[in-house]
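User: I'd like a close look at a single part of this structure, and I'm new to this, so plain words please.

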Amino acid sequence: TGGLVVVGASLAGLRAVEAARSAGFDGPITLIGAEEHLPYDRPPLSKAYLDVAEPPGVSFREEHHLRAELEVELRLGAPADQLDPAQRIVRVDGRTLPYDALVIATGAAARRLPGADGVAGVHTLRTLDDAIAVRAALDSGARTVVVGCGFIGSEVASGARKRGLPVTIVEAAPTPLVRAIGAEMGEAIAGLHHRAGTDLRCGVAVERIESERGHVRRVHLTDGTAIDADLVVAGIGADPATSWLRDSGLRIDNGIVCDATLSATRGVHAAGDVTRWHNPLFDEVMRIEHWTAAAEQGAAAARNALAPEAAKPYSTVPYFWSDWYEHRIQFVGTPGADEVRIVSGAADGDRFVALYRRGDRLTGVLTLNGQAVIMKYRGLLTRRASWADALDFAAARAKKPA
Ligand code: FAD
């Protein structure tokens, strides 16, 4: 028999493998990855990896640990390119591979800047190879333009500023981070860029990339201005990696559509950035592109895949963090709100806690440098706390000595 096959050798795929073994599964496990690398951690790629200091190692596990201790057969360096769920077969590198249970964890791929393919110095930042290239450009003192004021773009700008390099962020929307944290707080957080000397320009888009001998030279904007640049990093979002499932019959709609147990069809589960499912805790269909959800879903998908008769629904309070300059931004919950209220600190200060309300319920919490409280608020959200309870909690915290 084919045992457990996991497609996508990154965070969610690795957690699936680990959860299968800790659940006592002792059949064969095959882990298929398009990249040559062993599973590695992505958040450092736009943070410590871009600092002046030696880049950190990012592999989660040694090859020996995967092969010998977890007894995983690794198939790295070639993507799966076909799935037949009726026959329970995936195809990799021209060969077919049978499975009893399949977990798909193919993640997402960075959107590329239109019209810039093949221009040297223009990058996205999703993979280790991307990070190596971006770091090399920063090492050589690149004047940097970041396209898109999202989290990854903002972290790249931070990395460049920490090295004292000139950076411009070009954001097409009038306010950054609206989808992630709402307009009001997007505006507040954008202040961090201004204070750090990053030139943030909102409401303007890239019109064209000018190159010279194949290398980027200048970025022309829709307002008629131009910025000299040696490095352009596009942080304009990612699309779920589902093109290989075109003929599979799976339902694809901005991700693999799954039920509450992360099952896409009989024998097939999905986990991580590629997954779209109904999150019972918020009664909302979600596709989350955050580290914690990918890790949790990998484990949940594997457990459900191996014991479908006992499958449990997966629910979560979405959580992410991002590091800008010397600051940590953290968010739990969902951003669409009727009201956002700062309950501690100030929007233009060095730390604050902002609560998001929908109806009479607490639905989200944003903190700047609020590491001590954010997980307590995640707990409140898990318990579906009311707005009144959240305000009480915040008031009680405010009375405590810092
Ligand atoms: P991925 O990590 O995208 O991995 C999918 C893997 O599948 C890839 O290795 C890909 O090559 C492979 N693959 C794709 N197609 C195929 C195929 N057909 N066959 C075989 N293999 C395939 N989240 C946070 O919460 N906080 C952060 O600070 C943060 N920082 C980040 C910084 C960067 C630069 C990036 C890129 C992401 C960051 N994230 C952060 C998001 C987090 O890293 C992702 O949510 C997480 O990596 C998702 O894991 P995944 O396993 O679902 O997908």
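In which order do the strands of the open sheet of 3 strands come, and is their pairing parallel or antiparallel?

Analyst: Keep in mind that this is a predicted model. The order in that open sheet is 13-14-15, and the pairing is antiparallel. Strand 13 (206-212) and strand 15 (226-228) are the edge strands, each pairing on one side only. If you compare neighbouring strands here, they're turned by 25° against each other on average, ignoring direction. As general background, the strands of a sheet pair through backbone hydrogen bonds, and they can do so in a parallel or antiparallel way.

Let's zoom in on one of these pairings. Strand 13 and strand 14 (residues 215-221) run antiparallel and are joined by 6 bridges. For a concrete example, look at E210: its bridge partner is R218, in strand 14.

Now step back to see what the sheet belongs to. The chain has 9 helices and 27 strands in its secondary structure. Its radius of gyration is 22 Å, close to the 21 Å from the globule rule for 402 residues, so the chain is as compact as a globular protein of that length. Along the principal axes, the C-alpha trace spans about 60 × 60 × 35 Å. Of the 402 residues, 43% are buried. And if you take the contacts with a separation of 6 or more, 62% of them come from residues 24 or more positions apart.

For something outside the sheet, try S243, in the loop between strand 17 (238-240) and strand 18 (256-257). S243 counts as exposed because it has 12 C-beta neighbours inside 10 Å.

Notes
Residues numbered from 1 in each chain as written. Predicted model: local features only at pLDDT ≥ 70, side-chain atom pairs only at ≥ 80, totals over all residues. Helix = DSSP H or I, 4+ residues; strand = E, 2+ residues; numbered from the N terminus. Rg over C-alpha atoms; globule rule 2.2 N^0.38 Å. Buried ≥ 20, exposed ≤ 12 C-beta atoms within 10 Å, placed from the backbone. Contact = placed C-beta atoms within 7 Å. Pairing = 2+ DSSP bridges. Axes fitted to C-alpha atoms, helices over the stretch in contact; angles between N-to-C directions.
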